[in-house]
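This report describes a protein chain together with two ligands. The sequence and the structure are shown first, and the description follows.

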Amino acid sequence: MPPIINEDLCTRCGMCAAICPMHLFKHEKGQVPVVAYPEECWHCNACVLDCPARAVELRLPLNYMVLHVDADTLHD
Ligand code: SF4
Ligand code: SF4
């Protein structure tokens, strides 16, 4: 599932559009970015991690979730 932007939280900064390696977002200055090519999403999670407002939600495909390891569990 492609990312979903919470318009109430989004500050319209454009970071998600700038950081996406696939250039999936279209962003007009002062507007909430639009996911223009949702089917191309790699689910890399960069837009979620780099959004300063925590406004991006990304639901990972099931096979990604099965392989997911929380990095915090790898530390002592
Ligand atoms: S990075 Fe977050 S706050 Fe900035 S435009 Fe994208 S969704 Fe909105
Ligand atoms: S998860 Fe990665 S590829 Fe998908 S929209 Fe976000 S930054 Fe782009």
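What share of the contacts in the protein chain with a separation of 6 or more is accounted for by residues 24 or more positions apart? The share is 43%. The coordinates examined here belong to a predicted model, and the values below are computed from that model.

## Overall architecture

The protein chain contains three helices and four strands. Read from the N terminus, these elements follow the order β-α-β-β-α-β-α. Along the principal axes, the C-alpha atoms of the protein chain fill a box of roughly 40 × 30 × 20 Å.

The protein chain has 76 residues, and 25% of them count as buried. Its accessible surface amounts to about 5700 Å². Carbon and sulfur atoms contribute 56% of that surface.

## Surroundings of ligand 1

Ligand 1 has 14 residues around it. Those that come nearest are Cys10, Cys13, Gly14, Cys16 and Cys51. Sorted by class, this shell consists of 11 nonpolar, two polar and one charged residues. The space that ligand 1 takes is the second largest cavity.

Cys16, one of the residues that come nearest to ligand 1, is found in helix 1, which covers residues 15-19. Cys16 has a relative accessible area of 9%, which is under 20%, and therefore counts as buried. Apart from its neighbours within four places in sequence, Cys16 is in contact with Ile5, Phe25, Pro33 and Cys47. Cys16 and His27 are 11 residues apart in sequence, and their C-alpha atoms are 9.1 Å apart in space.

## Surroundings of ligand 2

Ligand 2 is likewise surrounded by 14 residues. The closest are Cys20, Cys41, Cys44, Asn45 and Cys47. Cys47, named here among the closest residues to ligand 2, is also one of the contacts of Cys16.

By class, the shell around ligand 2 comprises 12 nonpolar and two polar residues, with no charged residues. The space taken by ligand 2 is the largest cavity.

## The loop between helix 2 and strand 4

Helix 2 (46-50) and strand 4 (56-57) are joined by a loop in which Pro52 is found. The relative accessible area of Pro52 is 61%, which is over 50%, so Pro52 is classed as exposed. Leaving aside neighbours within four places in sequence, Pro52 is in contact with Cys13 and Met15. Cys13 is also among the residues that come nearest to ligand 1. Pro52 and Cys10 lie 42 residues apart along the chain, and 8.8 Å separates their C-alpha atoms.

Arg54 lies in the loop between helix 2 and strand 4 as well. Is Arg54 buried or exposed? With a relative accessible area of 73%, Arg54 is exposed. The phi angle of Arg54 is near 55 degrees, a positive value in a residue other than glycine.

## The loops on either side of strand 3

Strand 3 (34-35) is followed by a loop leading to helix 2, and His43 is found in that loop. His43 is not a glycine, yet its phi is positive, at about 60 degrees. Why does His43 count as buried? The relative accessibility of His43 is 16%, and buried means under 20%, so His43 falls in the buried class.

Gln31 belongs to the loop between strand 2 (25-26) and strand 3. Its relative accessible area is 46%, and Gln31 is therefore partly exposed, since that class lies between 20% and 50%. Gln31 and Glu7 are 24 residues apart in sequence, with a C-alpha to C-alpha distance of 9.6 Å.

Terms used:
Residues numbered from 1 in each chain as written. Chains lettered and ligands numbered in written order. Predicted model: local features only at pLDDT ≥ 70, side-chain atom pairs only at ≥ 80, totals over all residues. Heavy atoms only, no water. Near = heavy atom within 4 Å. 1 Å grid on protein atoms, 1.4 Å probe; cavity = no way out; pocket = protein on both sides within 12 Å on 5 of 7 lines; lining within 4 Å. Sits in = over half its atoms within 2 Å of the grid points. Nonpolar A, V, L, I, M, F, W, Y, C, P; charged D, E, K, R; others polar. Helix = DSSP H or I, 4+ residues; strand = E, 2+ residues; numbered from the N terminus. Buried < 20%, exposed > 50% of the residue type's maximum accessible area, 1.4 Å probe, protein only. Contact = heavy atoms within 4.5 Å. Areas by Shrake-Rupley, 256 points an atom, 1.4 Å probe, with all protein chains shown as cover.
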